[in-house]
Amino acid sequence: MENKEISQAVIARLPRYFRYLGELKDEGIERISSQELSDIMKVTASQIRQDFNNFGGFGQQGYGYKVEYLYEEIGRILGLDMTHNLIIIGAGNLGQALANYMNFERRGFLFRGIFDNNPALYGKRIREMEVRPMEEMESFVRENHIDIAVLTIPKTGARAVAERLVDNGIRGIWNFAHIDLNVPKEIQVENVHLSDSLMKLAYNINRFEQEGGI
Ligand code: NAI
């Protein structure tokens, strides 16, 4: 497959395709047309064709798409055919909730460790992990080939922690702290702000009501 630049808008839609195709695969469906996929996903068939054309199409005229093949290809594009080693920084409510969520592992995201700077939490077990002190973080990252760090700490400490992670070979940060991180461009950062999604919901509720509920 050629390595052309794919827009972030297309990339952002791939996980959703991946999820739907995974469900179809689990239901034993082998083949699906772009129109059928469009009906299920509420995305236009032409959008689906355009998106898939970025990767060489995947389909055959009049035949549709092979569900399993498409699922695996999109997974491969998303890098889900590889495993990733993750650590969580911040063993509070959010960090523990993420550590306890098993489904990430099905996708190859393996939580290897969880760290905090609160001594009261050291040694606390969250699934098979014990909360470790921040002093152990650097060596742990290097020795366990950690490539992704999840930041679930307040914004005050986030930039300094990100710098330490980068210095020790982290390649990506899943950032829940409410601050933009200053990291070199080769480090990938995905910011997650649940409140953004909630605000979008509020906007859409208001808009719907202002338009008379049509
Ligand atoms: P929490 O207070 O339960 O947990 C934060 C943990 O981080 C504590 O255990 C604390 O000891 C630890 N910590 C603080 N500074 C640290 C540092 N420099 N190094 C290592 N550990 C440190 O808070 P919660 O509810 O888990 O939220 C965590 C952060 O994520 C908060 O700052 C909150 O604003 C943010 N947040 C972001 C969301 C988002 O959608 N982006 C949603 C919910 C929370």
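**Salt bridges and the sheet in a predicted model**

Let me begin with helix 4, where the side chains of arginine 76 and glutamate 73 meet in a salt bridge, with 3.0 Å from N to O. I should say at once that this is a predicted model. Both of these residues lie in helix 4, three residues apart, which is about one turn of the helix; arginine 76 is partly exposed, with a relative accessible area of 40%, whereas glutamate 73 counts as buried at 11%.

The count of salt bridges comes to eight, and among them is the one between arginine 164 and glutamate 138, whose closest N and O atoms are 2.8 Å apart. Here arginine 164 lies in helix 8 and glutamate 138 in helix 7, residues 137-143, so the pair ties together parts that are 26 residues apart in sequence.

Arginine 171 and aspartate 147 also meet through their side chains, at 3.8 Å from N to O. Arginine 171 sits in the loop between helix 8 and strand 9, and aspartate 147 in the loop between helix 7 and strand 8, so this pair ties together parts 24 residues apart in sequence; arginine 171 is exposed at 55% relative accessibility, while aspartate 147 is buried at 11%.

Turning to the sheet, seven strands form an open arrangement in the order 6-7-5-4-8-9-10, with mixed pairing. Strand 6 and strand 10 stand at the edges, each with a single partner strand, so one side of each is left without a neighbour in the sheet. Strand 8 and strand 9 pair in the parallel sense over four bridges, and helix 8, residues 155-167, lies across strand 4, strand 8 and strand 9, running at about 170° to strand 8.

Notes: Residues numbered from 1 in each chain as written. Predicted model: local features only at pLDDT ≥ 70, side-chain atom pairs only at ≥ 80, totals over all residues. Heavy atoms only, no water. Pairing = 2+ DSSP bridges. Helix = DSSP H or I, 4+ residues; strand = E, 2+ residues; numbered from the N terminus. Contact = heavy atoms within 4.5 Å. Axes fitted to C-alpha atoms, helices over the stretch in contact; angles between N-to-C directions. Salt bridge = Lys/Arg side-chain N within 4 Å of Asp/Glu carboxyl O. Buried < 20%, exposed > 50% of the residue type's maximum accessible area, 1.4 Å probe, protein only.
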